[in-house]
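Got your viewer open and a selection box handy? Load the model below and follow along, stop by stop.

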Amino acid sequence: SKSWGDLTPILKEIQQNLRKNSTLSFDQLECKDILAKRLAQCLNPEFPGGLHELVLEVYGLILSNIMSTKHKLMDNLYLYSYGLFPFFTNASIKLKQKFLKNIISAIYLKLEKDELVLCLPGLLSALIPGLDDNDTETTKMIYQTFNSLINYNNGECQRDFFGVYWTLMLRCGHLRNSGIKFLLDKVKKYSELSELES
C-alpha cells in the first residue's frame with residue numbers, strides 16, 4: 001500500500017474473512033507473523049483514528065478466535081500483544097476506552113492465571129502512562145482494570161501484579177510519575193481501612 005487510505009479495504013476484507021471463518025486455527029496460518037507485523041504498523045500514531053478503530057476491531061476478532069481455540073495460546077497471543085500494547089499511549093481518549101473495554105477486559109482479563117502473569121509486564125507498562133490523562137473516565141477505567149488484576153480469582157494474581165508493578169517503577173523512570181499515583185491511592189485506602197478496623 002502507498003498510503004493509509006489503501007489499508008482500509010484490505011482491513012475490511014480481513015475483518016469479513018475472520019467473521020466467516022471464526023473457527024480458523026491461527027496456529028496453522030503460515031503468514032501469521034506478517035499479519036501481526038502489518039497490523040502493528042497500521043497502529044502508527046500518524047494514521048487517522050478511523051483506521052485505528054478498524055484495526056482494533058480486527059485485533060478483537062483475532063484475539064477472540066485465539067482464546068476460543070486455546071491452541072498454543074501464548075505462542076499466538078504474544079505476536080499480537082507486541083503491536084497492541086505500545087498503541088495505548090498515543091491513542092485518542094475514545095480509542096483508549098474502546099481498547100480497555102473491548103481488548104483488555106474482554107480478552108486479557110479472561111486469560112488463565114499463568115497466561116495473564118506472562119502478559120503483566122507489557123500490559124502494565126502500556127496502561128500506566130494513561131494514569132496521567134486528563135480524562136477522568138479513562139483513568140477510572142485503568143484503575144478498574146488494575147483492581148480487576150489485583151482481585152483476579154480471589155486475589156490469586158495480587159502478588160504477581162505488585163511484583164511486576166514495583167519492578168516497572170524501579171526500572172522504568174518514564175513510568176514513575178504516572179505509576180506512583182495508583183500506589184499512593186492504594187496506600188491511602190489501606191491506611192483508612194486499618195484505622196477503621198482499629
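Contact here means heavy atoms within 4.5 Å. This is a predicted model, where local features need pLDDT of at least 70 and side-chain atom pairs count only at pLDDT 80 or more, while totals for chains, interfaces and linings use all residues. Residues are numbered from 1 along each chain as its sequence is written, and side-chain values use heavy atoms, with hydrogens and water left out.

**Stop 1: Tyr-108 and the core**

Select Tyr-108. Which residues is Tyr-108 in contact with, leaving aside its neighbours within four places in sequence? Show Leu-63, Leu-77, Ser-81, Leu-84, Phe-85, Ile-103, Leu-116 and Cys-119, and you have them.

Now widen the view to the largest nonpolar core, which has 62 residues. A nonpolar core is a set of buried Ala, Val, Leu, Ile, Met, Phe, Trp, Tyr and Cys residues joined through side-chain atoms within 4.5 Å. Buried means under 20% relative accessible area, exposed means over 50%, and partly exposed is in between (1.4 Å probe, protein chains only). Tyr-108 is among the residues with the most contacts inside this core, together with Tyr-80, Phe-99, Leu-124, Phe-146 and Tyr-165. The largest share of the core, 10 residues, comes from α3. Helix labels like that one follow DSSP runs (H or I, at least four residues; strands would be E, at least two), numbered from the N terminus.

**Stop 2: α7, the bent one**

Next, select residues 113–127, which is α7. Where does the kink in α7 lie? Go to Leu-120, shortly before the proline Pro-121, and you'll find a kink of about 50 degrees. The bend at a residue is the angle between axes fitted to the seven residues ending there and the seven starting there.

Colour the buried residues of α7: Glu-115, Leu-116, Cys-119, Leu-120, Leu-123, Leu-124, Ala-126 and Leu-127. Their cover includes α4 (73–84), α5 (87–90), α6, α8, α9 (152–155) and α10.

**Stop 3: salt bridges**

Side chains of opposite charge can pair when their charged atoms come close. Here the count is five salt bridges, each being a side-chain nitrogen of Lys or Arg within 4 Å of a carboxyl oxygen of Asp or Glu.

Stay on α7 for one of them: Lys-113 pairs with Asp-160, with the closest N and O atoms 3.8 Å apart. Lys-113 is in α7 and Asp-160 is in α10 (residues 158–171), so this bridge ties together parts that are 47 residues apart in sequence. Lys-113 counts as partly exposed at 25% relative accessibility, and Asp-160 counts as partly exposed at 25% too.

Then select Asp-133 and Lys-96, where the closest N and O atoms are 2.8 Å apart. Asp-133 sits in the loop between α7 and α8 (136–150), while Lys-96 is in helix α6, 37 residues apart. Are Asp-133 and Lys-96 buried or exposed? Both are buried.

Another bridge joins Lys-94 to Glu-53, at 3.6 Å between the closest N and O atoms. This one links Lys-94 in α6 (residues 93–105) with Glu-53 in α3 (residues 49–69), 41 residues apart. Glu-53 counts as buried because its relative accessibility is 19%. Add Lys-98 to the selection, and you have a network of salt bridges linking Glu-53, Lys-94 and Lys-98.

**Stop 4: α1**

Jump to residues 4–20, helix α1. Its buried residues are Leu-7, Leu-11, Gln-15 and Leu-18. Looking down the axis of α1, they fall within an arc of 75 degrees, so they line one face of the helix; the arc is taken from the directions from the helix axis to the C-beta atoms. Spin to the face turned away from the buried side for the exposed residues Pro-9 and Lys-20. Among the elements covering the buried residues of α1 are α2 (32–42) and α3.

**Stop 5: Ala-40 meets Gly-83**

Ala-40 is in α2 and is partly exposed, with a relative accessible area of 26%. Draw a C-alpha to C-alpha distance to Gly-83: 4.3 Å in space, for a pair 43 residues apart in sequence. Leaving aside neighbours within four places in sequence, Ala-40 is in contact with Tyr-59 and Gly-83.

**Last stop: two asparagines in α9**

Finish in α9, home to Asn-153 and Asn-154. Phi of Asn-153 is near 50 degrees, a positive value in a residue other than glycine. Asn-154 also has a positive phi, about 60 degrees, although it is not a glycine. Asn-153 counts as partly exposed at 47% relative accessibility, whereas Asn-154 counts as exposed at 78%.

Note on methods: The expected span of a helix is 1.5 Å times one less than its number of residues.
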